[in-house]
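Colleague: Could you take me closely through the charged contacts of this model, and then show me how they sit beside the helices and the nonpolar core? I would like one connected account, with the cut-offs spelled out as you go.

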Amino acid sequence: MAKRGGKAYYMISAVAQKYNIHPQTLRLYEREGLLKPSRTEGNTRLYSEEDLEQLETILSLTRDLGVNLAGVEIILNMRRKMEQMQAEVNQFMEYVKHELARGLGDWEQRLSTALVKSSPTDLVRANPPTVTVEQGPDESTPAQRTAQKDH
């Protein structure tokens, strides 16, 4: 195990032994673009904790669920896109919260400088006026016409 910048890194032999896989399998995963270990100046692969988490996901998909490497690549890409979309949604929600807070402050400021101070609930009628329609002597509803014919 090597340390760079306060993070732990593992050589390919240690990772292969820890996960009971052949080093060639790790090299294959790298060729397929599923893992991207960093390299030393001597070109030795160094696996970070994030690389090991990615490897655990790959092994879980292949060993436990029987997913082939093409499927693993698709799943990993989808997960990456979902994480990116979640970050965008979170950023948008923060923006909306900020705008709402700012809007409430503007509303309070406008309310305090209004000519007539009133709350929005004062401006809404509690009971709307009832509208009645009067019928002329020869106007009747279809139900009334039917009742008149029966008599």
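Modeller: Glu30, Arg39 and Arg45 are linked in a network of salt bridges, a salt bridge being a side-chain nitrogen of Lys or Arg within 4 Å of a carboxyl oxygen of Asp or Glu. This is a predicted model, in which local features need pLDDT of at least 70 and side-chain atom pairs count only at pLDDT 80 or more, while totals for chains, interfaces and linings use all residues. Residues are numbered from 1 along each chain as its sequence is written, and side-chain values use heavy atoms, with hydrogens and water left out.

Within that network, glutamate 30 pairs with arginine 39, and their closest N and O atoms are 2.9 Å apart. Arginine 39 is partly exposed, with a relative accessible area of 30%; here buried means under 20% relative accessible area, exposed means over 50%, and partly exposed lies in between, with a 1.4 Å probe and protein chains only.

A search of the whole structure finds four salt bridges, and among them are two in helix H4. Glutamate 94 bridges to lysine 97, with the closest N and O atoms 3.8 Å apart, and because these two are three residues apart in H4, about one helical turn separates them. Arginine 102 forms a salt bridge with glutamate 99 at 3.4 Å between the closest N and O atoms, and this pair too lies in H4, three residues apart, or about one turn of the helix. An α-helix has 3.6 residues a turn, so residues three or four places apart point the same way. Glutamate 94 is partly exposed at 49% relative accessible area, as is arginine 102 at 47%, and glutamate 99 is partly exposed at 24%.

Helix H4 runs over residues 69-112 and contains phenylalanine 92; helices (H or I, at least four residues) and strands (E, at least two) are DSSP runs, numbered from the N terminus. Phe92 joins Val89, Met93 and Tyr95 in a nonpolar surface patch with about 410 Å² of accessible area together. Such patches are made of residues with over 30% relative accessible area and no salt bridge, like charges being joined within 9 Å and nonpolar side chains (Val, Leu, Ile, Met, Phe, Trp, Tyr) within 5 Å; the areas come from the Shrake-Rupley method with a 1.4 Å probe, and for residues only the protein chains shown count as cover.

Turning inward, the largest nonpolar core has 20 residues, of which Val15, Leu26 and Leu55 touch the most other members; a nonpolar core is a set of buried Ala, Val, Leu, Ile, Met, Phe, Trp, Tyr and Cys residues joined through side-chain atoms within 4.5 Å. Strand S2 (7-11) and helices H1 (12-19), H2 (23-31), H3 (49-64) and H4 each supply at least two residues of this core, and H3 gives the most, with five. Leucine 26 touches Ile12, Val15, Ala16, Ile21, Leu35, Tyr47 and Leu55, leaving aside residues up to four places away in sequence, where contact means heavy atoms within 4.5 Å.

The buried residues of H3 are Asp51, Leu52, Leu55, Thr57, Ile58, Leu59 and Leu61. Glutamate 49, also found in H3, is partly exposed instead, with a relative accessible area of 36%. Glutamate 49 touches Ala8 and Tyr10, again not counting residues up to four places away in sequence, and its C-alpha is 7.0 Å from that of alanine 8, although the two are 41 residues apart in sequence. After H3 comes glycine 66, whose phi is positive, near 70°.
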